[in-house]
Structures are given as structure tokens and as C-alpha cells.
Amino acid sequence: MTQTTPAARQLEAALTERFGDAPATDAALPGLEELARMAGHRSHRKFSERAIDGDLLQLLFACAFSAPSKSDLQQADVVHVADRGKVQAIADRIPDMPWIARAPVFLVFCGNNRRLRQMSAWRGKPFVNEHLDHFMNAAVDAGLVMMSFIRAAEAVGLGACPISAVRNHAAELTGLLGLPEGVFPVAGLCVGYPAEAGRISARLPLSVTVHVDRYDESGLEEKIAGYDRRRHALQPYRRQRHADRYPDAAFYGWSEDKVRQYSVPERADFGAYIRKQGFSLK
């Protein structure tokens with residue numbers, strides 16, 4: 001890559017840190033500043049006490065809801081949890097994430113199939129797509145809106161951290177936020193002005209996650225082992241997960257951490273909660 005502009009250099013540096021190397025890029029390509037910002041994404045968990053202006057927040061919501069929507073169904077909502085007592089109640093249920101209570105703004109992004117059902121009733125039409133796909137459509141819409149909000153927030157100097165752990169307490173969150181049938185939490189989001197720069201998280205190489213014409217697992221175990229080593233050099237884990245269940249590993253990398261994480265049941269009741277919210281998941 002020819003380093004002829006600051007944006008090109010920033011892009012190469014960010015991608016090299018994230019993936020180990022950077023794809024070849026034309027330094028004259030338009031939009032390199034935006035690509036460099038995307039490549040340099042960081043999650044933030046420490047925020048300054050600076051408040052976020054209400055008008056700015058509304059602008060970010062408008063940009064977020066400009067995201068694509070499946071068939072223009074618009075099945076996403078966001079709940080701004082402005083009541084600090086409610087934020088604290090959520091944080092108390094997730095004690096290993098103290099940044100929830102400390103974030104100036106806490107949002108909950110939700111999938112919403114309720115409006116479509118209501119409109120069907122208002123207009124005397126049957127709702128016949130009662131199956132897993134309509135749950136997926138709402139969940140994906142909410143994810144697209146949340147990611148668009150994060151991108152918009154970063155563009156104006158804010159930082160964010162998604163909180164999937166809200167789904168560990170989906171039923172309690174539903175009561176706390178008054179979510180009606182057909183509406184369910186997808187993820188929370190801490191938002192604020194970063195108190196520190198944060199770091200770029202290393203990701204699996206593109207040779208693992210990008211496929212051409214057909215799915216390809218060639219050399220997968222070796223590639224993941226190489227990623228484990230590279231990530232360990234950059235971001236070694238401070239502790240080994242579930243140390244009470246497993247003996248210390250001589251080398252503790254990303255893959256060991258993730259398989260330990262999913263060796264213990266988590267959110268096993270989420271399907272029952274979603275069905276209670278009116279989704280059959282057939």
C-alpha cells in the first residue's frame with residue numbers, strides 16, 4: 001500500500017493491528033477517512049463525566065434509523081433509559097460490567113414485531129408468517145440500527161460498548177422498561193465521551209471469515225491456532241475463565257476462552273421468554 005495520505009496510513013495501521021496485515025489499498029481511493037475510522041473502531045468502557053446534549057442524541061437516533069430495514073418493515077426500537085435508578089437496576093443485575101452505571105447514556109435496542117401485528121389487525125388482514133423468520137427479521141433490524149448508531153456516535157467523538165448481557169435478564173428488563181408482547185431486547189449500549197483511547201481488538205484473519213463461491217474450512221485449526229498466538233501477543237487474557245471448572249491451561253488463547261465460555265449454560269431460558277413475547281419460533 002502506498003502511504004501518501006494520513007488517512008491511508010491510519011487505515012493500514014488499524015487493519016494491520018486488527019488482522020496482522022492490511023489489504024492492498026489505493027491511496028487515492030475516495031472515502032479513506034471513513035474507512036480508517038471504521039477500521040479503527042474501539043469499544044469503550046470508561047467515559048468522562050461530560051453529558052451528551054439531547055439534540056445530539058436525537059440526531060444520532062435519526063442517523064441510526066436511516067439504516068437498511070428488511071422489506072421496509074422497520075422492526076426496530078430503542079429505549080433510552082434516562083432514569084438513573086433504572087440504569088442502576090440494570091447494572092445491579094450485571095455486576096461484572098460496572099461501566100453500565102457509569103455511562104452517561106444507556107440505551108436498549110429492541111426488535112419489534114408488534115407494530116406489524118397491530119397494523120394487520122387495524123387493516124383486517126391476517127398475520128400468517130408466524131415462524132422463526134419474522135423473529136430473525138426484527139432481531140436483524142435492531143442490530144443494524146444499533147451498529148448504525150455506533151458509527152454515528154463515533155463520527156462525533158463519542159464511544160460506545162454493546163451489552164448483550166441484558167438478554168441474561170430479558171424478563172426482568174421487559175418489566176422494568178414496559179416492553180409489550182412482540183417487543184424484545186437485543187442488546188444494551190453504553191454511550192459517552194471516552195475517558196481513554198481504548199484499543200483495537202484483533203480479529204480472525206479474513207482467510208477464515210471470507211469465502212468465495214463456497215464455504216471453505218481448509219487449514220482452519222492451524223489458522224485459529226495462529227490467531228490465538230497473535231492475539232495473545234497483543235491482548236493476553238488477565239485470567240482464565242471458569243478456573244473452578246478447568247485446570248490452568250499452559251497456553252490460554254482466544255479459542256480456549258471461547259470454548260470455556262460456551263461450555264457453561266447461559267440464557268437457556270431466552271427461547272421461552274421470546275415465545276412468551278408472542279413469537280412461536282416454528
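Right where helix α4 starts, a side-chain oxygen of D83 comes to within 2.8 Å of the backbone nitrogen of G85. That contact comes from a predicted model, as does everything that follows. The helix itself covers residues 84–93, and its buried residues are V87, A89, I90 and A91. An α-helix has 3.6 residues a turn, so residues three or four places apart point the same way. What do the buried residues of α4 pack against? Their partners are a mix of helix and strand: α5 (99–102), β2 (105–112) and α8 (170–177).

Stepping back from α4, the protein has twelve helices and four strands. Its C-alpha atoms take up a box of roughly 60 × 50 × 50 Å along the principal axes. The radius of gyration is 21 Å, which agrees with the value near 19 Å that a compact globule of 282 residues would have.

The contact pattern can be put in numbers too. Counting contacts between residues at least 6 apart in sequence, 74% link residues at least 24 apart. As for burial, 37% of the 282 residues are buried.

On the outside, the protein exposes about 16,100 Å², and 54% of that area is supplied by carbon and sulfur atoms. How far apart are the mean positions of the positive and negative charges? With 36 positive and 33 negative charges to average over, the two mean positions lie 3 Å apart.

Methods: Residues numbered from 1 in each chain as written. Predicted model: local features only at pLDDT ≥ 70, side-chain atom pairs only at ≥ 80, totals over all residues. Heavy atoms only, no water. Helix = DSSP H or I, 4+ residues; strand = E, 2+ residues; numbered from the N terminus. Rg over C-alpha atoms; globule rule 2.2 N^0.38 Å. Buried < 20%, exposed > 50% of the residue type's maximum accessible area, 1.4 Å probe, protein only. Contact = heavy atoms within 4.5 Å. Areas by Shrake-Rupley, 256 points an atom, 1.4 Å probe, with all protein chains shown as cover. Lys, Arg positive; Asp, Glu negative; His and termini not counted. Charge placed at Lys NZ, Arg CZ, Asp CG, Glu CD. Polar contact = N/O pair within 3.5 Å; in protein donor to acceptor, adjacent residues only side chain to side chain.
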